[in-house]
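Work through the exercises below with the model open beside you. Each task is followed by a stepwise solution.

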Amino acid sequence: MLLPKEGEQRKIADCLGSLDDLIAAEARKLEALRQHKKGLMQQLFPQPGETAPRLRFPEFVGQPLHHVRLRDLTEQSTARNGKKLSLEAVMGVNKEHGIVPMKKRLVAADISRYKLVRSNWFAYNPMRLNIGSIARYQGNGNILVSPDYVVFRCLERSMPTGLLPEYLDSFRSCWQWHVFVNEAGDGGVRVRIYYRDLAQLQLALPSIAEQRKIAECLGSLDALIAAGGRKLEALRQHKRGLMQQLFPNPKEGHA
């Protein structure tokens, strides 16, 4: 092992130590944001045994909640591709990253029966809904998903209130959603949750205006969390790159 002089060792250790402190601080900030969002959601959505949220924005206090089922405010779509879209439009749903391009080796040669998904529609794999594989498509053009997927959209025109897709997207992270999808569906070890099963979900739904305010509040937190995650990963990458420069690579040998 080739060691630099003591002064240089100290300088390297101080440099990397300061980066470690910065990474740890960013990780704490990110976790605090996640906990804040979790706590806020526990206030904005009804908790077990409760029929109303504990926290409402001042302008909506006293306004009624509408107890409905998801089937009253959503509609399943079985529209097929035909010969409209190409292979590049085929997507899958990932628990962590949402809508992602499908690996070409997993796509059938004939994609005419693949289902069409438009902006703000939801798609999910009925075999994987209970582990979180559902996403709202937020792009501009249309995409395709496997014919085995379930595709549905929200109806904003329903009375006495509609359902904003942004609100449902936030609602998917609350306890009520997770309890329901873990109890619904058909099958044994591999549970299948089709639209007819999901459509039975009951919601205590506020007005469109309140839904929008809740979705915007939680969406702004999501943006902060995503930005914090990117910053933390950039710091970790920076440290890895710096260490590659500061320490010899044993594969390169010595001059």
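**Exercise 1.** Does Thr-161 count as buried or exposed?

Solution. The model is predicted, so treat each value as computed from it.
- Step 1. Take the relative accessibility of Thr-161, which is 6%.
- Step 2. Apply the cut-off: buried means under 20% relative accessible area.
- Step 3. Thr-161 therefore counts as buried.

**Exercise 2.** Place Thr-161 in the fold and list its contacts beyond its sequence neighbours.

Solution.
- Step 1. Find the loop between β9 (150–154) and α2 (165–171); Thr-161 is there.
- Step 2. Set aside neighbours within four places in sequence. Thr-161 is then in contact with His-66, Leu-73, Leu-205, Pro-206, Ser-207, Ile-208 and Gln-211.
- Step 3. Look at Ile-208 again. Its backbone nitrogen lies 3.5 Å from a polar atom of the Thr-161 side chain.

**Exercise 3.** Describe the setting of Ile-214.

Solution.
- Step 1. Locate Ile-214 in helix α5 (residues 208–246).
- Step 2. Check accessibility. Ile-214 has a relative accessible area of 2%, so it is buried.
- Step 3. List the contacts, not counting residues up to four places away in sequence: Leu-44, Phe-45, Phe-57, Tyr-167 and Pro-206.
- Step 4. Take Phe-57 from that list. Phe-57 and Ile-214 are 157 residues apart along the chain, yet their C-alpha atoms are separated by 8.6 Å.

**Exercise 4.** Which residues line the largest cavity, and how do they divide by class?

Solution.
- Step 1. Search the whole structure for cavities of 30 Å³ or more. There is one.
- Step 2. Read off the volume of the largest cavity, about 60 Å³.
- Step 3. Name the lining: Leu-44, Pro-46, Pro-53, Leu-55, Arg-56, Leu-65, Tyr-167, Ala-204, Pro-206, Glu-210 and Ile-214.
- Step 4. Sort these residues. Nine are nonpolar, none is polar and two are charged.
- Step 5. Link back to Exercise 3. Leu-44, Tyr-167 and Pro-206 touch Ile-214, and they line this cavity along with Ile-214.

**Exercise 5.** Characterise the largest pocket by volume, lining and class.

Solution.
- Step 1. The volume is about 1,500 Å³.
- Step 2. The lining holds 39 residues. Closest to the centre are Lys-37, Glu-96, Arg-172, Ser-173 and Asp-222.
- Step 3. Two or more lining residues come from each of α1 (6–44), β4 (98–101), β7 (134–136), α2, α3 (175–183) and α5.
- Step 4. Helix α5 gives the largest share, eight residues.
- Step 5. By class, the lining has 14 nonpolar, 13 polar and 12 charged residues.

**Exercise 6.** Do the same for the second largest pocket.

Solution.
- Step 1. The volume is about 330 Å³.
- Step 2. There are 16 lining residues. Nearest the centre lie Gly-92, Val-93, Met-102, Leu-106 and Tyr-149.
- Step 3. β3 (91–94) and β4 are the elements that give two or more residues to the lining. The largest share, three residues, is from β3.
- Step 4. The classes are six nonpolar, five polar and five charged.

**Exercise 7.** Compare the chain with a compact globule of 255 residues.

Solution.
- Step 1. Such a globule would have a radius of gyration near 18 Å.
- Step 2. The chain has 24 Å.
- Step 3. Add the box. The C-alpha atoms fill roughly 75 × 55 × 35 Å along the principal axes.
- Step 4. Add burial. Of the 255 residues, 39% count as buried.
- Step 5. Add the elements: five helices and 10 strands.

Definitions and conventions. Residues are numbered from 1 along each chain as its sequence is written. This is a predicted model: local features need pLDDT of at least 70, side-chain atom pairs count only at pLDDT 80 or more; totals for chains, interfaces and linings use all residues. Side-chain values use heavy atoms; hydrogens and water are left out. Helices (H or I, at least four residues) and strands (E, at least two) are DSSP runs, numbered from the N terminus. Buried means under 20% relative accessible area, exposed over 50%, partly exposed in between (1.4 Å probe, protein chains only). A polar contact is a pair of N or O atoms within 3.5 Å; within protein, one must be able to donate a hydrogen and the other to accept it, and residues adjacent in sequence count only if both atoms are side-chain atoms. Contact means heavy atoms within 4.5 Å. On a 1 Å grid over the protein atoms alone, a cavity is a set of points where a 1.4 Å probe fits but cannot get out, and a pocket is an open set with protein on both sides within 12 Å along at least five of seven lines; lining residues have an atom within 4 Å of a point. Grid points are joined across faces, edges and corners, and a volume is the space filled by probe spheres set on the points. Ala, Val, Leu, Ile, Met, Phe, Trp, Tyr, Cys and Pro count as nonpolar, Asp, Glu, Lys and Arg as charged, and the others, Gly among them, as polar. The radius of gyration is taken over C-alpha atoms; the globule rule is 2.2 Å times the number of residues to the power 0.38.
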